[in-house]
Structures are given as structure tokens and as C-alpha cells.
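Please look over the loops of this predicted model. A short report on selected loop residues follows.

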Amino acid sequence: DAAVRRLLAVAIVLVAVAAFVVLRRPAPVPAAPPPAGAPSFLVIVPDTLRADRVGAVNARGPVTPNLDRLAARGLTFTEAWSQSGWTLPALASLLTGRFALAPEEASSQALDFMRPDLPTLAETLRGGGYRTAVFWGESISGVAPEFSRGFDTVDRATTDAYEAPLLAWLDGADRRPFFALVHNIDLQFPVVGGGAALDGVDRKQGLDTIYGQIAPRVGTGTAATALRDAYDATLTRYDAAIGRMLDGLESRGLGDTVVILTSNHGVDLGEHGDFRHGTVYGSCLHVPLIVADPARDRRGTNGTIVQTVDLAPTILERAGVRAETAFAGRTLGPLLTGVGTYEERDVYSFVNRNAISVRNRTWKVARLRRPGAPADEAPLWQVFHLPSDPQELNEIHGNFPPDARPIGQRLEAWW
């Protein structure tokens with residue numbers, strides 16, 4: 001009957017789509033023994049962590065003793081920028097070393113960002129003989145299959161014991177060099193802190209939603225202070241878990257592991273009138289980046305403008321594993337070793353095609369389109385002069401500044 005025919009048609013389409021995805025995926029690379037002396041890597045990605053909340057970047061931030069301890073062992077990049085202010089494309093860019101350009105409208109479909117024809121960092125390292133594991137925060141569980149490509153072990157990092165699944169995995173019998181990624185989502189939600197203003201509030205809601213609920217009751221100033229305090233308290237809680245991860249490596253004889261701390265994106269904490277991420281403001285794009293490599297003696301801070309899309313080529317170069325395809329990012333090796341040259345370049349960031357931006361040391365230019373607008377509708381351009389307005393609070397109105405036109409033209413040509 002008609003219902004059966006519809007079900008059969010749907011089944012045929014699903015099979016065809018699956019076959020298409022499989023055919024577009026690169027052929028698996030046979031695992032080779034890891035290069036001699038290959039290091040292990042632990043990459044820690046607290047979702048929604050702003051750079052200015054880390055003590056090693058901004059001494060006025062909250063107490064983060066374990067992040068600061070990690071920073072003392074390595075190189076801290078104070079001008080690290082994400083490719084997106086939204087979790088999915090930001091993670092996809094980090095995991096592939098390429099711009100995970102999204103469709104016209106924001107989408108929650110992982111395949112919109114994790115192109116099946118592009119190998120991930122984990123797939124390449126696994127092909128180079130590494131054992132691989134990822135421990136996802138709660139919100140990634142629904143799209144884990146796409147974002148977990150190349151990871152032999154896929155688990156969850158729970159709120160109660162962020163480090164426990166990682167340390168249990170490290171206790172396994174496999175002694176090959178490893179690549180492990182630990183992700184956590186709690187900074188998007190005020191798990192702890194905030195005082196009486198948050199009494200009775202469902203803390204499993206986004207910061208912006210909670211702000212909208214409590215501001216009419218306690219006032220905008222009190223609400224903003226409460227949410228910033230809750231954000232910092234949640235970070236301090238996660239900082240303690242990072243300390244337990246570092247201690248766990250040492251106690252297992254893995255103190256030579258290369259540990260990298262970064263974030264997929266930041267968050268607005270009231271600077272632009274809200275408490276959300278998913279924009280192209282600098283508050284959502286400026287992230288911490290700490291690289292602690294015991295085999296290299298580069299320490300302190302580095303103010304070179306770098307990008308999260310640089311991490312994949314950096315890790316593969318350090319591992320001695322060759323990539324089969326080109327990257328949008330560039331290795332940070334010259335900055336980590338003092339040998340060679342890393343040239344700063346424009347930082348392109350995006351949410352989707354309706355919200356893209358570019359920045360250098362002088363100018364920030366954003367091109368914004370109204371969702372659903374006709375193709376011939378003129379976009380909104382935002383221009384900020386960063387030396388005088390680093391927080392992007394005072395948009396330049398009127399004519400496009402002549403000195404900013406070249407970078408604006410590059411943005412228009414980019415996407």
C-alpha cells in the first residue's frame with residue numbers, strides 16, 4: 001500500500017545517502033608504527049572559556065592555579081583566536097585544521113561542518129600509529145559520531161568527575177603514544193556560584209536565558225554580576241579537575257606528555273548587552289592557548305596572533321606524522337622552537353554565511369546579513385579600530401574608513 005511504498009522509498013534514500021558518505025570518505029590509512037620518540041598529546045578544551053579569565057593571560061581574572069601551573073611549564077599565546085563563536089563549526093575547524101564553513105543558516109547538523117572527505121586530526125594520528133580517545137561534554141553527545149571520527153575510544157566527561165574517564169583510559173594496557181582530547185561544556189551553564197540571585201533557577205540553561213529570567217527580579221547590574229561570578233566559580237571548579245589530570249599524568253609516568261589547553265570559543269559576559277556566544281564579537285573569539293611541551297624549553301608568553309585552526313598542523317608536525325591533505329592553518333612550530341618563521345595573517349571567523357568577520361592588529365570588520373534576506377539586500381558592515389577599541393564597543397559609523405577598505409575587501413572575497 002501507499003504507506004509501505006513510502007517506507008521503502010525512505011529506506012532507499014537512506015541507503016543512498018549512507019553510500020554517498022562512505023564513498024566520499026578517504027580510504028582508511030593502514031596504521032603504521034608511531035615514529036621513534038613520538039610524544040603523547042593531551043588536548044583540554046573547556047567549552048566557552050574566554051582568554052581573559054585565565055590568570056596567565058590576565059592577572060585580573062579569577063584564580064586558576066592549575067592553568068597557571070600549566071602555563072608556567074610552557075608557552076602561553078595571548079592573542080589566540082577561534083574560527084567561530086559557535087561550538088560546532090569551532091570544534092570542526094579545530095579538529096580538521098580547516099575552515100568548517102557552515103550553510104546559509106545556523107544548523108545543528110554535524111555533517112554541515114565535518115565534511116566526510118576531509119580527514120580529521122585523530123584519523124591522521126591513528127593512521128600514524130597513535131591510540132586515540134575523546135571525552136565529550138554533554139552537549140556534543142548528539143553529534144558525537146561525526147566529531148568522533150578517528151577516535152578509538154569515545155566517552156563522556158561528566159560534571160562530577162571530569163578527569164575520571166581519561167585517567168581510567170590511561171590505566172589500560174596499551175602503551176603506544178596517545179592523543180586524547182577532553183571537552184567540557186559546563187562554562188555554558190553556571191554549575192556553581194552566583195549567590196542568592198540564582199536561587200531556584202534551573203542551572204542547566206544557557207547564561208543568556210538565565211540573565212533574561214533573573215534581570216527583571218534583581219536588576220540588570222545584580223544579574224550581570226551574579227552570572228559573571230557563577231562563570232568564574234565554575235571555571236575554578238574545572239581548574240581543579242585540570243590539576244587532577246596533570247597530577248594523574250605525573251603519577252603514571254606520563255609527565256613527558258605534550259599538554260595543550262585551549263577553547264573552541266569564548267562568550268559575551270555583558271559587554272554587548274547579553275551573555276551569549278555564537279557571534280563574531282571578539283569576546284566570543286578570543287580564547288586561551290597554552291602549549292606545554294616538556295621536550296622544548298620555550299616558556300612565558302607570546303603575543304603573536306595565532307588561530308585555533310593552527311593546532312592540527314602543529315600537533316602533526318610535532319608527532320612526525322604526515323598529513324595527506326593541505327591545511328588552512330599553519331604550524332606553530334617556529335614559535336615553539338625558535339627555529340623558522342611564523343607569519344601573522346588575517347583571522348577569519350564565522351557563525352555561518354550570514355555572520356563573518358576578519359581581524360588583524362588594527363581593524364576588525366564584520367559582514368552581517370539578515371537571516372532569510374533576499375540575495376540583493378545589502379549586508380550590514382561593522383568596523384572597529386582595535387588599538388582604540390579592543391573590546392569592539394564603539395562601532396565606526398558613516399563612511400567605511402579608507403585604511404580599513406583592503407581588509408574589508410579581503411573578507412568579501414573570502415566568503
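## Glu392

Glu392 sits in a loop. Strand S12 (380-385) precedes that loop, and helix H12 (405-414) follows it. The backbone here has a positive phi, near 60°, in a residue other than glycine.

Is Glu392 buried or exposed? Its relative accessible area is 2%. The cut-off for buried is under 20%, so Glu392 is buried.

## Thr48

Thr48 also has a positive phi without being a glycine; the value is near 75°. Its loop runs between strand S1 (41-46) and helix H2 (65-72).

Relative accessibility of Thr48 is 1%. Thr48 therefore counts as buried.

## Ser82: position and burial

Ser82 belongs to the loop that links strand S2 (75-81) to helix H3 (87-96). Its relative accessibility is 0%, so Ser82 counts as buried.

## Ser82: surroundings

Which backbone atom does the side chain of Ser82 reach? The partner is the backbone oxygen of Asn264, at 2.5 Å.

Asn264 appears again in the contact list of Ser82, which leaves aside neighbours within four places in sequence. That list also holds Ala90, His265, Leu285, Val287, Thr308 and Ser349. Ala90 lies within the range of helix H3 (87-96), the helix that follows the Ser82 loop.

Notes:
Residues numbered from 1 in each chain as written. Predicted model: local features only at pLDDT ≥ 70, side-chain atom pairs only at ≥ 80, totals over all residues. Heavy atoms only, no water. Helix = DSSP H or I, 4+ residues; strand = E, 2+ residues; numbered from the N terminus. Buried < 20%, exposed > 50% of the residue type's maximum accessible area, 1.4 Å probe, protein only. Polar contact = N/O pair within 3.5 Å; in protein donor to acceptor, adjacent residues only side chain to side chain. Contact = heavy atoms within 4.5 Å.
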